[in-house]
Amino acid sequence: MKKVFIIHGYQGSPNGGWRPWLMRELEKQDIYACALPMPTPELPVLSEWIEEIQRQADRNKEDELYLVGHSLGVPAILHFLSDYYDLNVKGVVLVSGPVEKTENKNIENFLSTLFDYQNIKSKAKHFTVIHGDNDPNVPLHHAEILSKGLEGKLTVVKNGGHLNGSSGYTELSECLDALLEMMI
């Protein structure tokens, strides 16, 4: 069975922004989707977020898994993929995610080491990076680094901001399209 797990970002929640819409749209395609409630989103701890993703992967070993991360969910997924083996992850969609240190001290533990893109890209067949061209939180060059390092498709959304609810996004068709394309 195809299953999609969505990881929200810093100070986020499973039901914010476009995540509920994406889950409904995938359900219409008979694809299970769940936005995970990540621990302590106000003061996130990397090891706790990785453990939650791992717990879901372990519980669904027989399924075809797809991961979607928004903002801080992106480096959480990258660390998870980097650290674990024997994964059944088929595709990954990374939305508005930082890959370099930022000025936000509450998330520096997610960005304190460089990512080994060669290792990470060996853990899934498909990678797509989606980013707003005018993101006030994560500059576009982060998406360019990600797509180049993972040899993934880059989709730039004109005037997309941080592609979250505050930027007016209650739907993100680019994410749905990327997932469905990976599943063919």
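**Close-up 1. How helices α2 and α3 pack in this predicted model.** Here α2 (residues 46–59) sits against α3 (residues 73–83), with an angle of about 65 degrees and the axes 9 Å apart. Angles of 65 to 115 degrees count as roughly perpendicular, and α2 and α3 are therefore put in that class. As for handedness, the crossing of α2 and α3 is right-handed.

**Close-up 2. The residues where α2 and α3 meet.** On the α2 side you'll find L46, W49, I50, I53, Q54 and A57. Facing them from α3 are G73, A76, I77, H79, F80 and D83. Sort this α2 and α3 contact by class and you get 8 nonpolar, 3 polar and 1 charged residues.

**Close-up 3. The largest nonpolar core.** This core has 34 residues, and L78, L81, L94 and L146 are the ones that touch the most other members. Plenty of elements chip in: β1 (2–7), α2, β3 (64–70), α3, β4 (89–95), α4 (117–121), β5 (126–132) and α5 (140–150) each give at least two residues to the core. Helix α3 supplies the largest share, with 6 residues.

**Close-up 4. Around L94, and a second core.** Leave out residues up to four places away in sequence, and L94 touches G69, V74, I77, L78, T128, V129, I130, L146 and L150. Apart from the largest core lies another one, made of 25 residues. Its members include V4, M23, I31 and L179.

Key:
Residues numbered from 1 in each chain as written. Predicted model: local features only at pLDDT ≥ 70, side-chain atom pairs only at ≥ 80, totals over all residues. Heavy atoms only, no water. Axes fitted to C-alpha atoms, helices over the stretch in contact; angles between N-to-C directions. Helix = DSSP H or I, 4+ residues; strand = E, 2+ residues; numbered from the N terminus. Parallel < 35°, antiparallel > 145°, perpendicular 65-115°, else oblique. Left-handed = near helix turned anticlockwise from the far one by under 90°. Contact = heavy atoms within 4.5 Å. Nonpolar A, V, L, I, M, F, W, Y, C, P; charged D, E, K, R; others polar. Core = buried A, V, L, I, M, F, W, Y, C linked by side-chain atoms within 4.5 Å. Buried < 20%, exposed > 50% of the residue type's maximum accessible area, 1.4 Å probe, protein only.
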